[in-house]
Amino acid sequence: MDSELTVRQRIVEALKGHSLTAREISQAIGVKEKEVIEHLPHISLSLGKSESAFELVTEPSECLECGFVFSKRERLKTPSKCPVCRSEEITEMRFGVKER
Ligand SMILES: [Zn+2]
């Protein structure tokens, strides 16, 4: 049914009204998580254009050990280590698409 949509369009559709991790997106649309992560910056750019009715929103990762929030992170990938306490217990970044 959705076979004519590109992977990027399918990711955007999956994210409308939802907040998903890269892994959940990958399960929802049946592509590898690595591929999802590669597409996300392009989706962010194309939705960032002013004529777009939607925008990509992100929920930052947080350290479960000390509570540090990776709020200034530009990369759309869950970090591997906390810069404060070096813990690797970090929540996964979540993505969503919402109307402007
Ligand atoms: Zn920490």
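Among contacts in the protein chain between residues at least 6 apart in sequence, what percentage join residues at least 24 apart? In this predicted model, the share is 52%. The protein chain has 100 residues, of which 17% count as buried. Its C-alpha trace spans about 45 × 30 × 20 Å along the principal axes.

The secondary structure consists of three helices and three strands, arranged along the sequence in the pattern α-β-α-α-β-β.

Helix α3 covers residues 33-48. Its 16 residues should span 22 Å at 1.5 Å a residue, and this agrees with the end C-alpha atoms, which are 22 Å apart. The helix α3 nevertheless bends by about 30° at His39, with a proline, Pro41, following within four residues. His39 is also one of the buried residues of α3, together with Val36, Leu40 and Ile43. An α-helix has 3.6 residues a turn, so residues three or four places apart point the same way. The cover over the buried residues of α3 includes two helices, α1 (7-15) and α2 (22-29), and two strands, β2 (54-59) and β3 (94-99).

The axes of α2 and α3 come within 8 Å and cross at roughly 110°. Angles of 65 to 115 degrees count as roughly perpendicular, so α2 is roughly perpendicular to α3. On the α2 side, the contact is made by Ala22, Arg23, Ile25 and Ser26, and on the α3 side by Glu33, Val36 and Ile37. By class, this contact of α2 with α3 comprises four nonpolar, one polar and two charged residues. Val36 thus belongs both to the buried residues of α3 and to the contact with α2.

Note on methods. Residues numbered from 1 in each chain as written. Predicted model: local features only at pLDDT ≥ 70, side-chain atom pairs only at ≥ 80, totals over all residues. Expected span 1.5 Å × (residues − 1). Bend = angle between axes of the 7 residues up to and from the residue. Buried ≥ 20, exposed ≤ 12 C-beta atoms within 10 Å, placed from the backbone. Contact = placed C-beta atoms within 7 Å. Axes fitted to C-alpha atoms, helices over the stretch in contact; angles between N-to-C directions. Parallel < 35°, antiparallel > 145°, perpendicular 65-115°, else oblique. Nonpolar A, V, L, I, M, F, W, Y, C, P; charged D, E, K, R; others polar.
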